[in-house]
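Work through the exercises below with the coordinates open beside you, and try each task before reading its solution.

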Amino acid sequence: MEAQSSSGMLLNRKRRRDGENNGETDESERLLKIPRCTVHPAPFADELEPADGKPYERVSMEEAKRGTPANRPVRVYADGIFDVFHSGHARALMQAKCLFPNTHLIVGVCSDDLTHKYKGFTVMNEDERYDAVTHCRYVDEIVRNAPWTLTPEFLAKHRIDFVAHDDIPYSSAGSDDVYKHIKDAGMFAPTQRTEGISTSDIITRIVRDYDVYVRRNLQRGYTAKELNVSFINEKKYHLQERVDKVKRKVRDVEEKSKEFVQKVEEKSIDLIQKWEEKSREFIGNFLQMFGPEGALKHMLKEGKGRMLQAISPRHSPDSSPTREERSPSPTFRLPFFTKTSPPPSPLPQHSGARGYLISEDDDDEDDDEN
């Protein structure tokens, strides 16, 4: 009993936690239920359920263009090989689908045996061609192993109202135009051919550049045996690939060097312009300092005047007193003479010597002479 009660409590707790996160879980479940893609490949005619027992009645061109009921679409048939399915095929099927407002497009794809007999070898096998057409969005139904020439029994079996194809006569199987009887019956709906693109054009490109594509596949890991290439040709292609790599490297180096030279030229032009500006400024400053009327000349003139003024003697004024008129100045004795030293003998006045007695007036005169 205790075990049952504990388990019941655990379940209740779990339910409460689930109830708290109920909003998040509902949102995530709702997002997961949204279909991510509603487009499906077109079904094959032999896999569909047979139509009802109503007799087959065709609609006229006027009725088809005016529009038919939703439960009675206009059944348009377009056939072909569809080898290496490309945009030209898709455009033709798009035109056939858009012929009338309410169109059910049936596409017939011929088998390998029939195609190899009347047209030639194909790149893709019949299963690959069936699969390529079934994934085209304009196609509603596919007929495998379609006949080369359309018979009344085939048209009645698939309840076909109109046959869509380009208006160019298609000569094959001993006939100048395999759609001539369809045109005479008023069941032909012409479409426009896309110029510049076809399976034959694509194969021609590959054959024309055979060596390029062989080297491409060898580079991607295919063996020479898978490509049906001999040993010598394999080595030749590898050598060509190496030579091309060297050429590409040289070309890249040349382009980079051209870019580098261009950048250097741009920078050199900027440097030259800046150098010219700086040189003009330097020359101007130099002329202002050292030119004929520069600041240095004025400085030298001023310095020369000051030097001449400093070294030239001063002229005494005429009214200055003479030596006799000056007041006598007190005499003093040099400190290195003592009282015991004998008095010096007097010298004549014209010699200019005054003995050892020096007065302040003599100092003034010496200063004037200097």
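## Exercise 1: the long-range frame of helix α11

In α11, the residues E234, Y237 and E241 are buried, where buried means under 20% relative accessible area, exposed over 50% and partly exposed in between, with a 1.4 Å probe and protein chains only. The model is a predicted one, in which local features need pLDDT of at least 70 and side-chain atom pairs count only at pLDDT 80 or more, while totals for chains, interfaces and linings use all residues. Residues are numbered from 1 along each chain as its sequence is written, and side-chain values use heavy atoms, with hydrogens and water left out.

Task: find which helix the buried residues of α11 pack against, and compare the expected span of α11 with the distance between its end C-alpha atoms.

Solution. Step one is the packing partner: the buried residues of α11 pack against α10 (210–219), a contact being heavy atoms within 4.5 Å. Helices (H or I, at least four residues) and strands (E, at least two) are DSSP runs numbered from the N terminus. Step two is the span, for which the expected value is 1.5 Å times one less than the number of residues. Helix α11 covers residues 231–290, so its 60 residues should span 88 Å, and the 85 Å between its end C-alpha atoms agrees with this.

## Exercise 2: the surroundings of D161 and β4

Task: establish whether D161 is buried or exposed, and describe how β4 is covered and paired.

Solution. Begin with D161, which sits in the loop between α7 (152–157) and β4 (162–166). Its relative accessibility is 0%, and therefore D161 counts as buried. Leaving aside residues up to four places away in sequence, D161 touches several residues, including Y56, R72, V74 and M187. With R72 there is also a side-chain polar contact of 3.1 Å, a term for a pair of N or O atoms within 3.5 Å; within protein, one must be able to donate a hydrogen and the other to accept it, and residues adjacent in sequence count only if both atoms are side-chain atoms.

Continue with β4, in which five of the five residues are buried, so the strand is largely enclosed by the rest of the structure. On one side lie F162, A164 and D166, on the other V163 and H165, and all are buried, which leaves both faces covered. Strands pair if DSSP finds at least two bridges between them. Strand β1 (residues 74–80) pairs with β4 in the parallel sense over two bridges, with Y77 opposite V163. Strand β5 (residues 188–191) also pairs with β4 in the parallel sense, over four bridges, and here A164 stands opposite A189.

## Exercise 3: salt bridges

Task: state how many salt bridges the whole structure holds, and explain what the pair D46 and R144 ties together.

Solution. A salt bridge requires a side-chain nitrogen of Lys or Arg within 4 Å of a carboxyl oxygen of Asp or Glu, and a search of the whole structure finds 15. In one of them the side chains of D46 and R144 meet at 3.1 Å, N to O. Because D46 lies in the loop between α2 (22–33) and α3 (61–66) and R144 in strand β3 (residues 141–144), the pair ties together parts that are 98 residues apart in sequence. D46 is exposed at 55% relative accessible area, whereas R144, at 31% relative accessibility, counts as partly exposed.
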